[in-house]
Amino acid sequence: VEQDELLKKLEQDVTDIHVAVTRMRNLSKQISQLSALVENDPSKAAVVKLGKEINEKLKALEDKLIQPKSQSYDDVINFVNKLTANYIFLRGELDTNTPHVTSGHVQRFKELNNEWLIYKAELNAILEKDIKNFNEKCKALQLAHTSLID
């Protein structure tokens with residue numbers, strides 16, 4: 001039971017991280033598309049600049065969560081594992097035929113979960129502050145129907 005409960009928590013966190021990455025990528029794509037539409041209009045330079053800043057923040061956060069450069073099993077040698085890889089490693093160590101959960105498993109999960117909570121708060125701050133500000137600037141510049149869907 002203890003093993004199953006910890007595996008479920010691991011799975012939920014990895015799912016949440018991957019959903020967050022997908023969400024960030026979608027937002028970044030929307031920002032880039034909008035910026036491309038107005039980048040030649042000097043009156044909308046503030047929106048383009050803010051969009052670039054948000055995309056940089058989203059990319060930096062994504063780089064803390066996943067390692068997009070890894071393409072094969074050997075790439076773990078070339079590129080540093082990120083948060084999801086550490087979760088997946090712990091899952092592999094825990095998901096054995098002998099259902100024995102050690103204090104080390106529990107402690108490592110707590111460390112990874114605490115790290116995820118920090119990044120999740122960082123994402124929420126981007127959504128609540130930066131994306132809101134971006135949408136307000138778009139409205140102020142009368143860029144109709146351009147509010148980002150997050």
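Me: Where does H5 bend, and by how much?
Reply: In this predicted model, H5 bends at leucine 127, by about 30 degrees.

Me: What end-to-end distance does H5 have, and what should its 38 residues span?
Reply: The end C-alpha atoms of H5 are 54 Å apart. At 1.5 Å a residue, the helix should span 56 Å, so the two values agree.

Me: And just after H5, which residue takes a positive phi?
Reply: That's glutamine 142, with a phi of about 60 degrees.

Me: Back into the helix, then. Is aspartate 130 buried or exposed?
Reply: Aspartate 130, which is found in H5 (residues 103–140), has a relative accessible area of 9%. It counts as buried because that value is under 20%.

Me: OK, which side chain does aspartate 130 make a polar contact with?
Reply: Lysine 57: a polar contact of 3.0 Å joins the two side chains.

Me: What else is aspartate 130 in contact with, leaving aside neighbours within four places in sequence?
Reply: Besides Lys57, there are Ile54 and Ala125.

Me: Tell me about isoleucine 54. What is it in contact with, with the same neighbours left aside?
Reply: Isoleucine 54 is in contact with Ile31, Ile126, Asp130, Ile131 and Phe134. Ile54 and Phe134 are also among the residues with the most contacts inside the largest nonpolar core, which has 36 residues.

Me: Nice. Which elements give two or more residues to that core?
Reply: Helices H1 (2–38), H2 (45–65), H4 (83–94) and H5 do.

Me: Which one gives the most?
Reply: H1, with twelve residues.

Terms used: Residues numbered from 1 in each chain as written. Predicted model: local features only at pLDDT ≥ 70, side-chain atom pairs only at ≥ 80, totals over all residues. Heavy atoms only, no water. Helix = DSSP H or I, 4+ residues; strand = E, 2+ residues; numbered from the N terminus. Buried < 20%, exposed > 50% of the residue type's maximum accessible area, 1.4 Å probe, protein only. Polar contact = N/O pair within 3.5 Å; in protein donor to acceptor, adjacent residues only side chain to side chain. Contact = heavy atoms within 4.5 Å. Expected span 1.5 Å × (residues − 1). Bend = angle between axes of the 7 residues up to and from the residue. Core = buried A, V, L, I, M, F, W, Y, C linked by side-chain atoms within 4.5 Å.
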